[in-house]
Amino acid sequence: MQLKLHNTLTKQTEGFTPLDPDGKSVTFYSCGPTVYDFAHIGNFRAFLNADVLRRTLELLGYKINQVMNITDVGHMTDDTVADGGGEDKMKVAASRLAEAKKSGKLPKNASVDPSDPMAVAEFYAAAFLEDSAALGMRIVDDAKNNPSLMPRPTQYIKEMIAMVETLIENDHAYVASDGVVYFSVQSFDAYGALSGNTIETLRSGEGGRVDMETQAVKRSPADFMLWKPDATHLMRWPSPWGEGYPGWHLECSVMANSLLGNEIDLHSGGEDNIFPHHECEIAQSRCATGCDTFSRYWFHTRFLLVDGTKMSKSKGNFYTLRDLLEKGATPAAVRLELIKTHYRSNANFTMQGLKDSQRQIDRWRRLKDWLTDHKDVAANPNGPLATAKKQFITSLCEDLNVAGAIGALNEAVNAYAIETSPEGNGSSTLQEELEALLDMDQVLGVFDLETEGGSGDLDVSKIDALIEARLTARDEKEWGRADEIRDELLKMGVAIKDGSDGTTWSIIVQ
């Protein structure tokens, strides 16, 4: 069965065929985190969808060579412009950690010197690896045996300088009067094919967000930075163009080229990576290698909303995995909640959805345990789960339709809820049904994750009971009692909201 996947580059859903002449191996580059803070659940939605894509390909029989970068240099606070603007993110991270250390609010077991930029980067990189392992991302297991599969840009400065030199030699880049090396987008006719941003639409300087002094030294407003001499940047290196740092687009081009080759099969990221990051990656990579293709398929996940709105710390709906675990959520439930909505649709994260995901997992695990206990019982072949597995794979092959795959699994689980005593005269055993269930979980990835609640106070059954008691009090016009229950919920870290659809609740992140 062939996977059909939407390709951002061609704007079409296409059958997936790898470069490998034997059709067995797939090269896959995933844009990873910038380690200046803890990754939030919006970040992890994109990372986990890439993990589901990888697991689907593995279920189909492919061998995956995946690389995911952990970016520890180069980013500025305004990454929406091709050059990057604003403040050095490492300075922001160092300031944040210094304040946390001063106030005694550093995370548990944290020992980091905020004045050391590499220590700051490693602190957040370690946190990301811990969170990723908790959520079952397979790339983390790969990197335990081969750390180069999760590279840091600071390890590839020499290769970055070499690529810049190649681009200058081939007239795709130039040194401007301010000493900055820029890529000349006019030298690459295909610039804009991924995002639809043509050179003409960028003439105004990307919406006026680039300062006029910078625009004055560029050949075109759309040209983007490859190397910037900067004696004030926290992390900097010597180069032919002065001590400075690389442009963040350059980093991924170099690491993908160094570890996977000139042309790769798949490249993933969030939809915010499409422009400028991935557009610039394509330009640099193709012009440096001379190849007609950089990545053949581009896979992008849309944004995650929380309670219907954009995540924001000021709104109190900004969550990291750690926030949710401290409130009692399980990694398995968080993983399922983040992958169950189609990757090309905006997902809406809610506490009710997280609760529903946990209930689904609990049902699947109960069936798994039951099948394990009865695996030697004779049963007819092509049972509910074996049949569901076929539809499960068919759904995944239709542009990673995870919801359809889960629907097929749940239909089979419902069959067992009705008939839990199979006839003992079949030609096979329930071992085959158990194996089908475990195969489906190879993609969903929830059985091997921690399923016990965290150390926090999120007791879902108690919350539901208190909300029901509050509704009863309101119906009986016992307003004082209703207020007492609301205050009790607040002490538990739960905020409630009354609306036309009833009472909903969400956790409060302190």
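**Group meeting: strands, sheets and helix contacts in a predicted model**

Let me begin with a single residue, glycine 61, which is partly exposed, with a relative accessible area of 48%. Please keep in mind throughout that what we are looking at is a predicted model. Glycine 61 sits in the loop that lies between helix H1 and strand S4, the latter covering residues 63-68. If you look for glycine 23 on the screen, you will find that it is separated from glycine 61 by 38 residues in sequence, while the two C-alpha atoms are 9.7 Å apart in space.

From that loop I step back into H1 itself, residues 41-59, whose axis comes within 7 Å of the axis of helix H14, residues 430-444, with a crossing angle of roughly 145°. On the H1 side the contact is made by Val52, Arg55, Thr56 and Leu59, and on the H14 side by Asp439, Asp441, Gln442 and Val443. Sorted by class, this contact between H1 and H14 contains three nonpolar, two polar and three charged residues.

The second helix pair is H5, residues 157-169, with H8, where the axes come within 9 Å and cross at roughly 70°. An angle from 65 to 115 degrees counts as roughly perpendicular, and H5 and H8 are therefore roughly perpendicular to each other. In this contact Met163, Thr166 and Leu167 of H5 meet Gln284, Cys287 and Ala288 of H8. By class, the contact of H5 with H8 has four nonpolar and two polar residues, and no charged ones.

H8 also leads us to the sheets. There is an open sheet of four strands, in the order S7-S8-S9-S10, with antiparallel pairing. Its edge strands are S7, residues 173-175, and S10, residues 244-246, each of which pairs on one side only. From one strand to the next the twist averages 20°. Within this sheet, S7 is joined by three bridges to strand S8, residues 181-183, and the two run antiparallel; here alanine 173 stands opposite phenylalanine 183 in S8. H8 packs on the sheet, touching S8 and strand S9, residues 224-229, and the direction of H8 makes about 80° with that of S9.

Where does the chain go on either side of H8? Strand S11, residues 264-270, and strand S12 run parallel and are joined by six bridges. The chain crosses from S11 through H8, residues 274-289, to S12, and this β-α-β crossover is right-handed. Across the S11 and S12 pairing, glycine 270 has threonine 301 of S12 as its bridge partner. As for S12 itself, residues 295-301, the strand is mostly covered, with six of its seven residues buried.

I will finish with one more open sheet, in which three strands lie in the order S14-S13-S15 and the pairing is mixed. Strand S14, residues 309-310, and strand S15, residues 347-349, are the edge strands, each pairing on one side only. Strand S13, residues 304-306, pairs with S15 in the parallel sense over three bridges, and in that pairing leucine 304 has alanine 347 of S15 as its bridge partner.

To return to the helix that has come up most in this talk: H8 meets H5 through residues that include Gln284 and Cys287, packs on the sheet where it touches S8 and S9, and carries the chain from S11 to S12 in a right-handed crossover.

Methods
Residues numbered from 1 in each chain as written. Predicted model: local features only at pLDDT ≥ 70, side-chain atom pairs only at ≥ 80, totals over all residues. Heavy atoms only, no water. Buried < 20%, exposed > 50% of the residue type's maximum accessible area, 1.4 Å probe, protein only. Pairing = 2+ DSSP bridges. Right-handed = clockwise from strand over helix to strand, strands pointing away. Axes fitted to C-alpha atoms, helices over the stretch in contact; angles between N-to-C directions. Parallel < 35°, antiparallel > 145°, perpendicular 65-115°, else oblique. Contact = heavy atoms within 4.5 Å. Nonpolar A, V, L, I, M, F, W, Y, C, P; charged D, E, K, R; others polar.
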